[in-house]
Amino acid sequence: MPLDMPVYLETRRKFLANRAAFPVGELSKYAGQWVAWSPDGSRVAASAAHPELLDGLLRACDEEPADCVVEGIPGADALLGEADGSAA
């Protein structure tokens, strides 16, 4: 099935807007976890300690894994810095 670019772009626009508006306090509950975002980015559809566990959790919730965006949420001990691991 060919990609319908206008539909894809509109879905992506909605996802990015919703993901950016997601409350930081709510997202902090998932620190150190992997999350699968709903296709529109308005909610976390599933979370797990390892990304390979998300497909099964999503299917159990009647979500299509291919339609969800997976993202790692840094834990409290994460350091942001240079590629060599040094902090800025």
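1. In this predicted model, strands β1 (residues 34–37) and β2 (residues 44–48) are paired in the antiparallel sense, with 4 bridges between them. Within this pairing, Trp-37 stands opposite Val-44 of β2. The two strands form a hairpin in which 6 residues lie between β1 and β2, and Gly-41, located in the turn, has a positive phi of about 75 degrees.

2. Strand β1 is also joined to strand β3 (residues 69–72), again through 4 bridges, and β1 and β3 run antiparallel. The bridge partner of Trp-34 in β3 is Gly-72, so that β1 pairs both with β2 and with β3, by the criterion of at least two bridges between strands.

3. Turning to the surface, Leu-3, Met-5, Tyr-8 and Leu-9 make a nonpolar patch of about 410 Å². Of these residues, Leu-3 is placed in the segment before α1 (5–21), and Leu-3 counts as exposed because its relative accessibility is 60%, where the cut-off for exposed is over 50%.

4. As to the cysteines, the structure holds 0 disulfides. The closest cysteine sulfur to that of Cys-61 belongs to Cys-68 and is 9.6 Å away, which is too far for a bond, given that a disulfide requires the sulfur atoms to be within 2.5 Å. Cys-68 is likewise in no disulfide, its nearest cysteine sulfur being that of Cys-61.

5. The surroundings of these two cysteines can be described by their accessibility: Cys-61, at 46% relative accessibility, counts as partly exposed, whereas Cys-68, at 10%, counts as buried.

Technical notes. Residues are numbered from 1 along each chain as its sequence is written. This is a predicted model: local features need pLDDT of at least 70, side-chain atom pairs count only at pLDDT 80 or more; totals for chains, interfaces and linings use all residues. Side-chain values use heavy atoms; hydrogens and water are left out. Patches are made of residues with over 30% relative accessible area and no salt bridge: like charges are joined within 9 Å, nonpolar side chains (Val, Leu, Ile, Met, Phe, Trp, Tyr) within 5 Å. Accessible areas come from the Shrake-Rupley method with a 1.4 Å probe; for residues, only the protein chains shown count as cover. A salt bridge is a side-chain nitrogen of Lys or Arg within 4 Å of a carboxyl oxygen of Asp or Glu. Buried means under 20% relative accessible area, exposed over 50%, partly exposed in between (1.4 Å probe, protein chains only).
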